[in-house]
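Let's take a look at where the open space sits in this protein, and what surrounds it.

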Amino acid sequence: MFRRQTPSCDQPRVYIIGLMALALLVASCAQTGSRPGRAAPSAADTLKAHVEILASDAFGGRETGTDGYARAASYVADNFAAAGLVAVGGGYPQDVPLYSVNPGGVTGSMTLTTGGMERVLEMNEDVSYFPPLIGLDTEGTISASGELIFVGQGLSAPSLGYDNYAEVDVEGKIVVVITGTPSIPDPAARFHLVRLDTKRMEAAARGAAGIIFADPSPRSVSRLTRLRRYAGDRALVIETLPDQAIPAAAMSHDLLTQLISSTGRDADHVLDEARDGRGESFPLAASAALSVTASAQRMDAFNIVGMLPGQDPSLSREAVVVTAHLDHLGTQRRFFFDRPENEGVDEIFNGAIDNALGVAIILDVAKRLSDSGGTARTVIFAAVTAEEAGLLGSQYLAESIEGLGFDPVANVNVDMPIMTYPFADVIGFGVEYSSIKAPLDAAAAAVGVVATPDPVPSMSLFVRSDHYRFVQRGVPSVFLFNGMSGSGRAGFDAFMDEHYHRPSDQADLPIRWQDAARFTDLSEDLVRRIADAPEAPTWNEGAVFAP
C-alpha cells in the first residue's frame, strides 16, 4: 500500500522506476500535431504508453481519494506541463470539496404547521433527509422555513409542453415535488427531467427556500424507504454553490395525500394529473420549518486542469472545455472485502478503456493544439475525479469555470471509447440537440468515418457522463464514442458484457491503437473547429437542455 498524499505542483512525484522510464519515453516521442485526418507517426505508440502507465497496477485502480489516484493525477499534471498548458488557479490540481458522509450521519427535523397545529417530524417517521450541500467542514446544517407549495413533477420544459411553475411564485417557499416524470418519448430528455438534482436546481433557480420530494404512489418499497437506507450508508457529496444548496427532504406518500386533502382537493385525482406532468400547482394549507445536518469527512479529491490560452483577444474569454475522467473503481476489496473465495483473484480495476484511454486522448490533443500555436478561443483541459461516484468532479468544474474568469461555450467529453473493434463511425451523444453536429460531421469526414445517430437511446448515455454537468448549466456539449455500425454493436456488447467495470479492463486488451490515434485526430479536429469558429455553439430551438 502507498501512503496517502495530496499532490501539489512543487511536491516531488513518487513513481516506480519502470513507469518513470516509460513516462520519459512518452514525453520524448510525442510529436507535434498533424493536420486533421493524418496521425503523427508515433501517435498510436504515445497513446499506448499513456494507457499502460495509467492502467498499471501501481495506481491501484485510481479510486478517488486514494494514493493511486494521486499518483495518476501527478502523471497527468506532468504531461500538462510538458505540453505547455498553463495552470489555472495557482496549480494544475483543482481541489474538489468532496465529502464522505459518516454512516448514519444525516439527520434532520421538520416542524409542520397545518390547521393551527404543529407536528415535529424526525427521521424515520414520515420524512427522510438528503445531506446538506454546504458547510460540511463544520458538521453542516442548512435550514429553511416557509409556506408549502405543491408543484407536481417540478418540471420546466415549455418546449415539451410542461411548466409546473408557470402559475405559481415559489420565491422563499418550500416546494413539494413528486418523483418521476411523464412518458416523454426522448429517453435522454426524460432521464434529465426525472433526476432529483435537476428538480432541485430548477427549484433553487426560481428562489425556492427548500424542496421536499414525495413518492406519488403507495409502493411497497417507496422512495422514502430507499432514502432511509441511503442516509444510513456512506455517501459521497460535494459542496455546491450556495444558491443551489437548498435543504432537501423526502415525504411519505401518506403525508403528501393528507396535505393535499387538507386543501379540499381529491388527492388521488391531483396525483393522477401530476403524474402526467400537467396537473395544477397550488399552495398547500401548511407551512414548514426544515433543518438538515450531516457529519462528514473531507476527502483528498481534485481535478487536474490546464489551459491553452486563446489567441484571439475578442474570443479568448470564451472557453471550450475538454474533459475525461481519471478516476476508476479501485480494487475488489471495495466491493467484496477479504472473502476467502477472492484469494488469488485479480483485485484491481485498472480501467484501461474506462477511462485511461480517454485521458490519454485528451493528453495528446492538448499536446497537438499547444504545439500548433493554439486556437482563437481558450481551451481548458481537465482530467476529472469522482465520475464513478456520480459525476462529482465535473460538477464542481462546471460550477467553477466562470469563477476562473471564463465563459464556457462548449464541452467535448471523451469517456471509454471502446477501441477493441474497428473505428468505422463515431457517435457524438447529444449532437442532435445543438449546432455541434456540423463540426462533428466535418471532423468525422476528415478521418474517413461518418457520424452516426445514437444506436442505444434507451441507455440515455447523453446524461450519464461528465459532459452532463455542463449540460445542466446550459452549455452545449458532446460525448464522443466509437460508433457501432457493422460489427461495432457486437464489439460494444462484448466489452460491456465481459470487461465493463471488471478487473479485466486492462491494457492487454486487443486495443486497436492505430484506430485510437485516428479517434484522437477526430477529437483534435473537432475541438479546433469549435474553438476557431466565429460563433460559439448554440442549442437547437426547442432543445429541453437549453437554459
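Helices here are DSSP runs of H or I with at least four residues, strands are runs of E with at least two, and both are numbered from the N terminus. The model is predicted, so to speak of local features takes a pLDDT of at least 70 and side-chain atom pairs count only at 80 or more, while totals for chains, interfaces and linings use all residues. Residues are numbered from 1 along each chain as its sequence is written, and side-chain values use heavy atoms, with hydrogens and water left out.

A pocket is an open set of points on a 1 Å grid over the protein atoms alone, with protein on both sides within 12 Å along at least five of seven lines; its lining residues have an atom within 4 Å of a point. Volume is the space filled by probe spheres set on the points, which are joined across faces, edges and corners.

| Pocket | Volume | Lining |
|---|---|---|
| Largest | about 1300 Å³ | 48 residues |
| Second largest | about 530 Å³ | 23 residues |

R195, D197, G390, L391 and R469 lie nearest the centre of the largest pocket. Elements giving two or more residues to that lining include α4 (187–194), α11 (392–400) and β22 (477–482).

In the second largest pocket, H192, E202, Q472, A546 and P547 are nearest the centre. β7 (156–157), α4, α5 and α13 each supply at least two lining residues there, and α5 gives the most, with five.

Back to α11: eight of its nine residues are buried (under 20% relative accessible area, 1.4 Å probe, protein chains only), so the helix is largely enclosed by the rest of the structure.

How values were computed: 1 Å grid on protein atoms, 1.4 Å probe; cavity = no way out; pocket = protein on both sides within 12 Å on 5 of 7 lines; lining within 4 Å. Buried < 20%, exposed > 50% of the residue type's maximum accessible area, 1.4 Å probe, protein only.
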